[in-house]
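Student: Could you take me slowly through one part of this model, beginning with a single residue and its surroundings? I am new to it, so please explain each term as you use it.

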Amino acid sequence: MDVKEAVKEIKSGKFKPVYVLYGKDRYRMEQFIGALTNAMFQNDEREMGVMKYDTSETPLEEAVIEAESPPFFLERKLVLVRDASVMAAGGKENAKLEHRPESLLRYIEFPLETSVIVFAVYADKLDERRKLVKTLKDRKALIAFPELDTPELMRWIMRRASEQHRQLTEGAAELLLSRVGVNMGQLAQEVDKLCLHAGNGGVIEKETAAMLTAATVEEDVFALVDAIAELRISKAIELYRQLLVRREEPIKIAALIARQLRIMLQIKELEQHHYSPQQMAGQLGLHPYAVKLAADKSRKFKTATLGRLLSSLADLDYGMKTGAIDKTFGLEMYLLSLSADKGA
């Protein structure tokens, strides 16, 4: 079932007896649960009307028994079940618990009209080999919440500001993505903060977003890698010293540089096999936006250069960790040495 279709349905007062929400995007899943809760209850009814269970702690049949029981003093009851074992692909049953999926299968045939069960499954996929999952799929009870891709995230960020009667520019939205990442909960907080600063009818430019949001270590490391690629060694050292002023550990900085170089090397190899950005994201376990950023940077390097940089960083890391090389000056000397290596 499509998310928009499901939201439209519940806002009209129509509820399915069972919903199964799954995917990486926990923020939108929580938003859906919030919309369902608002549609079912008044503010003062939520405490009595919402029952919560977790299949890692409670057998599935107890949640079903709850759904089979009529609500007290209210018209409806919402049973929220957090699940990591009954329906998730690759989910492992808790050795201490024995779940009985057949109890839910029986309930689905004759559900109580006053009850709604919602399963929140924080997994990419459901195990469609299981009869329970197949049955719920046939009844259009499954709702997928995959992570939004970069264009969708950009539109969502700008739309959230628009809903608050502010205009957030595309440049500001892109800066937020680079600094905050793709976590929609954190993005929502930053957008709301910027909207509060801008005031009703205000415009949020990239410069404003840069001033009011903190640069991350990863962002500065990205800039450092750019400087390395363009052999702007003085700029690389300036960025490195700024990180030191912020009390970032040289070993951590070296590890982040190595991680970024490793991702870039992997992307270059996958591109040779004609992988799409989405396929690369799945293969590397990264969000497509992170793959896009790394792919853009990788074009500035030759494959052999990335391998050489990674190898020398590994030697530096060993030297710093064993005490053979001073941590602070070791990484700075590494950056200075790149100016002599025109192949970099």
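**A lysine and its surroundings**

Tutor: K297 lies in helix α15, which spans residues 288-298, a helix here being a DSSP run of H or I with at least four residues, numbered from the N terminus. The model is predicted, so local features need pLDDT of at least 70 and side-chain atom pairs count only at pLDDT 80 or more, while totals for chains, interfaces and linings use all residues. Residues are numbered from 1 along each chain as its sequence is written, and side-chain values use heavy atoms, with hydrogens and water left out.

K297 counts as buried because its relative accessibility is 12% (buried means under 20% relative accessible area, with a 1.4 Å probe and protein chains only). Setting aside residues up to four places away in sequence, K297 touches F222, D226, Q260 and M264, where contact means heavy atoms within 4.5 Å.

The helix that holds K297, α15, begins at residue 288, and P288 is one of the residues touched by T150, together with L177, H287 and Y289, again not counting residues up to four places away in sequence. T150 itself belongs to helix α7, residues 150-163, and at 12% relative accessibility T150 is likewise counted as buried.

Further along the chain, helix α16 (residues 303-322) packs with helix α17 (residues 327-337) at an angle of about 165°, their axes being 10 Å apart. That angle makes α16 roughly antiparallel to α17 (the term applies to angles over 145 degrees). In this pairing, L309, S312, L313, L316 and M320 of α16 meet K327, G330, L331 and Y334 of α17.

Methods. Axes are lines fitted to C-alpha atoms, for helices over the stretch in contact, and angles run from 0 to 180 degrees between N-to-C directions. Helices (H or I, at least four residues) and strands (E, at least two) are DSSP runs, numbered from the N terminus. Angles under 35 degrees count as roughly parallel, over 145 as roughly antiparallel, 65 to 115 as roughly perpendicular and the rest as oblique. Buried means under 20% relative accessible area, exposed over 50%, partly exposed in between (1.4 Å probe, protein chains only).
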